[in-house]
Amino acid sequence: MRFDQDSTKKKNAFRNLLNDFEAGAADAMVGTQIAVKGLDYGNVQLTAVINADQLLNFPDFRSHERTFQLLHQLSGRAGRQGRQGEMIIQTRQVNHPVLQFVSNNDYEGFYQQQILEREQFNYAPFSKMIKITLKHKSADEIQLATSEFAKLLKLQLGEMVLGPETPFVSKIRNLYIRNLLIKIDAEKNNPKKIKN
């Protein structure tokens, strides 16, 4: 059985798929993240995630947190109703700390590791973050405009400005995308005002 955005487009498809699976219409379900979040399945003994490395290495400072949450939720889908469940994670990074925390069901250890890392690199909650996204139909124009805008911001805000960078998905609806990130120290209540 397939459980993803395409298979649940029709009215009541979501509920019908779940009911069919619960009734035993299929022995296996393959799905995206929507198959995991907040749903309670009976008779599931095994869950698996393919290519966990893609989640772990996504270019975002929250990727480890999101991976931990997703894998923890997925592990909770197996072994309901008093029976022991099992989870398989496909990865090239078997010793990755996030996977070890998930394997040991160690939320506290994960939190401690993450909060130290975020403090070290001044990420939220130790800073306020502003993401600026610029879009244009010309790749050359957006690159030039974003670079110039970043220079102006860096003149006044210095190292608080990161980028420009090209996001993982760099073109949507024929518009090229570039991002800038501004990190403002959370302890300072009044960040610098930017002059025109």
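Select R173 to begin: at 79% relative accessibility, this residue counts as exposed, and that is a call made on a predicted model. R173 sits in the loop between strand 7 and strand 8 (175-185). Check its backbone while you are there, as R173 has a positive phi of about 50 degrees without being a glycine. For background, most residues other than glycine have a negative phi.

Now add N174 to the selection. Its place is also in the loop between strand 7 and strand 8. Here phi comes out near 65 degrees, again a positive value in a residue other than glycine. Buried or exposed, what is N174? N174 counts as exposed, because its relative accessibility is 59% and the exposed class starts over 50%.

Next, go to I172, which belongs to strand 7 (residues 171-172). I172 is partly exposed, since its relative accessible area is 43% and that class covers values between 20% and 50%. Keep I172 selected and add F58, F168 and V169, then switch on a surface. Together, F58, F168, V169 and I172 make up a nonpolar surface patch, and their combined accessible area is about 400 Å².

Time for some peptide bonds. Most peptide bonds are trans, so the next two stops are worth a look at omega. Which residues does the cis bond at P164 join? The pair is G163 and P164, with omega at about 15 degrees. P164 itself is part of strand 6 (residues 161-165).

For the other cis stop, select A124 and P125. A cis peptide bond links A124 to P125, and omega is about 15 degrees there. Where does P125 sit? Look in the loop between helix 5 (107-120) and strand 5 (127-136).

Last stop: H96. You'll find H96 in the loop between strand 4 (86-89) and helix 4 (97-103). Hide the surface for this one: H96 has a relative accessible area of 12%, and since buried means under 20%, H96 counts as buried. What does H96 touch, leaving aside its neighbours within four places in sequence? Show L56 and H64 as sticks, as H96 is in contact with L56 and H64.

If you want one view to save, try the stretch where the tour began. I172 is in strand 7, while R173 and N174 are in the loop between strand 7 and strand 8. Colour by accessibility and you can compare partly exposed I172 with exposed R173 and exposed N174.

Technical notes. Residues numbered from 1 in each chain as written. Predicted model: local features only at pLDDT ≥ 70, side-chain atom pairs only at ≥ 80, totals over all residues. Heavy atoms only, no water. Patch = residues over 30% accessible without salt bridge, like charges linked within 9 Å, V, L, I, M, F, W, Y side chains within 5 Å. Areas by Shrake-Rupley, 256 points an atom, 1.4 Å probe, with all protein chains shown as cover. Salt bridge = Lys/Arg side-chain N within 4 Å of Asp/Glu carboxyl O. Helix = DSSP H or I, 4+ residues; strand = E, 2+ residues; numbered from the N terminus. Buried < 20%, exposed > 50% of the residue type's maximum accessible area, 1.4 Å probe, protein only. Contact = heavy atoms within 4.5 Å.
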